[in-house]
Amino acid sequence: MDRLVAAGELSTRKAQLNTKGVSRAIADFRAERQVDTSGLLPFIASLLNGLFGRHNDTFIRSDDALYPPDIARRVAHGTRALVTCVTADTNVPCRTTPPLLTASSAARTTGPGLRVLPSPDHFLHPAGTPVNDQMIAPAAQRALHDFTFSLHTAGL
């Protein structure tokens, strides 16, 4: 919404209404109520109807039930962990990583911890790359290489 407002393609008021509508739709889905997308911008309504529709709902519910910090708390002490935050990820922005990092620390994981990667998107592609493209962004390749090399040199 912020990008649409910044580009002059959407008014602030309409963005606020759509943001509230998306939050309401997510809350309804999680509460197993009928999801109402009426009044939302057509492309947003279409996206939500696809996500929460009968063909995807089982997957979305199982995926949504996982909260990464809860899982990180249960990781065995001493497990080497790499956490990436990618600057072009609109699904999981960097500002959302502190609870995961806190949980990883509480589990006493080791390893490189957080690596902020400039420019990859949510799928570790260079920003703007089609979702189904097999390309991994150079920054993600380097982080994974460094992590696996550290495992190898540690004898793991």
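**Note on the predicted model**

1. Arg 24 touches two residues beyond its neighbours up to four places away in sequence, namely Asp 36 and Ser 38. The structure discussed here is a predicted model. Arg 24 belongs to helix α2. Its relative accessibility is 36%, so Arg 24 counts as partly exposed. Val 35 lies eleven residues from Arg 24 along the chain, and the C-alpha atoms of Arg 24 and Val 35 are separated by 8.2 Å.

2. Helix α2 also has a part in the largest pocket, since it is among the elements that each supply at least two residues of the lining. The others are α1 (2–6), α3 (42–52), α4 (57–64), α5 (68–73), β1 (80–86) and α6 (98–106), while α2 itself covers residues 12–30. The greatest contribution comes from α3, with six residues of the lining.

3. The space in this largest pocket amounts to about 2,000 Å³. Its lining is made up of 41 residues, and those closest to the centre are Thr 90, Asn 91, Val 92, Pro 93 and His 122. By character, the lining of the largest pocket holds 27 nonpolar residues, seven polar residues and seven charged residues.

4. Strand β1, one of the elements that supply the lining, pairs with strand β2, which spans residues 110–117. The two strands run parallel and are joined by six bridges. Between them the chain passes through α6, and the resulting β-α-β crossover is right-handed. Within the pair, Val 86 stands opposite Leu 117 of β2.

5. Ala 81 is a residue of strand β1. It counts as buried because its relative accessibility is 17%, and the limit for that class is under 20%. Once neighbours within four places in sequence are set aside, the contacts of Ala 81 are Thr 109, Thr 110, Gly 111, Pro 112, Gly 113 and Phe 147. Thr 110, Gly 111, Pro 112 and Gly 113 fall within the residue range 110–117 of β2. Ala 137 offers another reference point: Ala 81 and Ala 137 are 56 residues apart in sequence, and their C-alpha atoms are 20 Å apart in space.

6. Ser 104 is found in helix α6, the helix through which the chain crosses from β1 to β2. With a relative accessible area of 9%, Ser 104 is buried. Leaving out neighbours within four places in sequence, Ser 104 is in contact with Ala 72, Val 83 and Thr 109. Of these, Ala 72 falls within the range of α5 (68–73) and Val 83 within that of β1 (80–86). Thr 109 appears also among the contacts of Ala 81.

7. The loop between β1 and α6 includes Ala 88. Ala 88 has a relative accessibility of 23% and therefore counts as partly exposed. Beyond its neighbours within four places in sequence, Ala 88 is in contact with Ser 119, Pro 120, Asp 121 and Ala 127. For Asp 121, the separation in sequence is 33 residues, yet the C-alpha atoms of Ala 88 and Asp 121 are 4.6 Å apart.

8. Ser 119, one of the contacts of Ala 88, is placed in the loop between β2 and α7 (138–153). Ser 119 is partly exposed, because its relative accessibility is 42%. Its backbone deserves a remark: phi of Ser 119 is near 85°, a positive value in a residue other than glycine. Most residues other than glycine have a negative phi.

9. Leu 124 is also placed in the loop between β2 and α7. Its phi is positive, at about 65°, although Leu 124 is not a glycine. The relative accessible area of Leu 124 is 24%, so this residue is partly exposed.

Terms used
Residues numbered from 1 in each chain as written. Predicted model: local features only at pLDDT ≥ 70, side-chain atom pairs only at ≥ 80, totals over all residues. Heavy atoms only, no water. 1 Å grid on protein atoms, 1.4 Å probe; cavity = no way out; pocket = protein on both sides within 12 Å on 5 of 7 lines; lining within 4 Å. Points joined across faces, edges and corners; volume = space filled by probe spheres on them. Helix = DSSP H or I, 4+ residues; strand = E, 2+ residues; numbered from the N terminus. Nonpolar A, V, L, I, M, F, W, Y, C, P; charged D, E, K, R; others polar. Pairing = 2+ DSSP bridges. Right-handed = clockwise from strand over helix to strand, strands pointing away. Buried < 20%, exposed > 50% of the residue type's maximum accessible area, 1.4 Å probe, protein only. Contact = heavy atoms within 4.5 Å.
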